[in-house]
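Hi everyone, thanks for coming. I'd like to walk you through a structure that may be new to you, so please have a look at the screen.

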Amino acid sequence: MDTPKTPSPHPDASFDELLARPTEDFEARRTLLQAFIYARVHVLTDREIRPLTRDIHEARMTLVSDGPNKEQPMLAVFSTRDRAERFLQETGGGPHLSEIDSVFALVCTPEKAGIIINPNQTPNFRLAPELVAMLRERIDSLRGRGPAEA
């Protein structure tokens with residue numbers, strides 16, 4: 001997206017660095033989630049995303065399963081370009097790689113899907129479908145729109 005990004009409340013560490021820290025307590029998970037909201041992330045799309053076009057609104061992002069739960073779709077999001085490229089190499093490639101605001105990824109996550117950051121890699125982080133729905137609802141209310149209007 002070509003919009004100015006709000007500065008992260010964690011300027012001393014990148015999202016990828018925060019992801020590598022232990023998240024064993026509530027405060028650490030809250031900090032990581034907050035950093036995610038302000039991050040630029042990488043997603044795999046079915047088409048090239050050209051700047052200043054509607055491509056981003058028409059592209060489909062790659063979904064993966066939630067580990068052994070093959071029925072649970074999860075949006076594949078990557079904390080760095082290198083991690084996304086590694087995933088493409090390991091899975092046979094194909095889709096295009098795009099950098100977007102994480103909030104856009106949240107808003108575009110299909111209903112009843114979650115998000116997995118760095119699937120099949122360590123470190124990774126999982127946002128359950130219920131959390132994604134709650135965050136999307138909060139974003140919609142901040143934009144002054146109800147979920148049905150999004």
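Let's begin in helix α2, residues 26–38, where E27 and R30 both sit, 3 residues apart, about one turn of the helix. Before I go on, please keep in mind that this is a predicted model. The side chains of E27 and R30 form a salt bridge, at 2.4 Å from N to O. Are these two buried or exposed, or something in between? E27 has a relative accessibility of 39%, so E27 counts as partly exposed. R30 has 37%, and R30 therefore also counts as partly exposed.

While we're on α2, a word about the helix itself. α2 has 13 residues, and the distance from its first C-alpha to its last is 19 Å, close to the 18 Å expected at 1.5 Å a residue. Which residues of α2 are buried? They are T31, L32, L33, A35 and F36. Take T31 as an example: its relative accessibility is 17%, and because the limit for buried is under 20%, T31 counts as buried. If you want to place T31 in relation to L19, those two are 12 residues apart in sequence, and their C-alpha atoms are 9.7 Å apart in space.

Now to F36, another of the buried residues in α2. Leaving out residues up to four places away in sequence, F36 touches F15, V41, V77, S102, L106, I115, I117 and L127. That brings us to the core. In soluble globular proteins, nonpolar side chains tend to be buried together. Here, the largest nonpolar core has 25 residues, and F36 is among those with the most contacts inside it, along with F15, V77, I100, I115, I117 and L127. Where do these core residues come from? At least two each are supplied by α1, α2, β1, β3 (69–78), α5 (102–108), β5 (114–117), β6 (125–127) and α6 (129–142). The element giving the most to this core is α2, with 4 residues. There is also a second, separate core of 10 residues, and V64, A76, A84 and L88 are included in it.

Let's go back to charges. Side chains of opposite charge can pair when their charged atoms come close. How many salt bridges does the structure hold? The count is 9. One of them joins D16 and R83, with the closest N and O atoms 3.0 Å apart. D16 belongs to helix α1 (residues 15–20) and R83 to helix α4 (residues 81–91), so this pair ties together parts that are 67 residues apart in sequence. R83 is counted as buried, because its relative accessibility is 11%.

Another salt bridge is formed by the side chains of R40 and E99, at 3.9 Å from N to O. R40 is in strand β1 (residues 40–45) and E99 is in strand β4 (residues 96–101), so here the parts tied together are 59 residues apart in sequence. Both ends have some exposure: R40 is partly exposed at 29% relative accessibility, and E99 is partly exposed at 41%. If you prefer networks to pairs, look at D46, R47, E58 and R60, which are linked in a network of salt bridges.

One more charged residue before I zoom out: D66, in strand β2 (residues 63–66). With a relative accessible area of 13%, D66 is buried. Which residues is D66 in contact with, once we set aside its neighbours within four places in sequence? They are Q72, M74 and R126. With R126 there is a polar contact between the side chains, at 2.7 Å.

Finally, the whole chain. There are 6 helices and 6 strands, and along the sequence they follow the pattern α-α-β-α-β-β-α-β-α-β-β-α. Of the 150 residues in the chain, 41% are buried. Among contacts with a separation of 6 or more, 66% are between residues 24 or more positions apart. As for the surface, the chain exposes about 8,900 Å², and carbon and sulfur atoms supply 50% of that area.

That's the tour, so over to you for discussion!

Terms used: Residues numbered from 1 in each chain as written. Predicted model: local features only at pLDDT ≥ 70, side-chain atom pairs only at ≥ 80, totals over all residues. Heavy atoms only, no water. Salt bridge = Lys/Arg side-chain N within 4 Å of Asp/Glu carboxyl O. Buried < 20%, exposed > 50% of the residue type's maximum accessible area, 1.4 Å probe, protein only. Polar contact = N/O pair within 3.5 Å; in protein donor to acceptor, adjacent residues only side chain to side chain. Contact = heavy atoms within 4.5 Å. Expected span 1.5 Å × (residues − 1). Core = buried A, V, L, I, M, F, W, Y, C linked by side-chain atoms within 4.5 Å. Areas by Shrake-Rupley, 256 points an atom, 1.4 Å probe, with all protein chains shown as cover.
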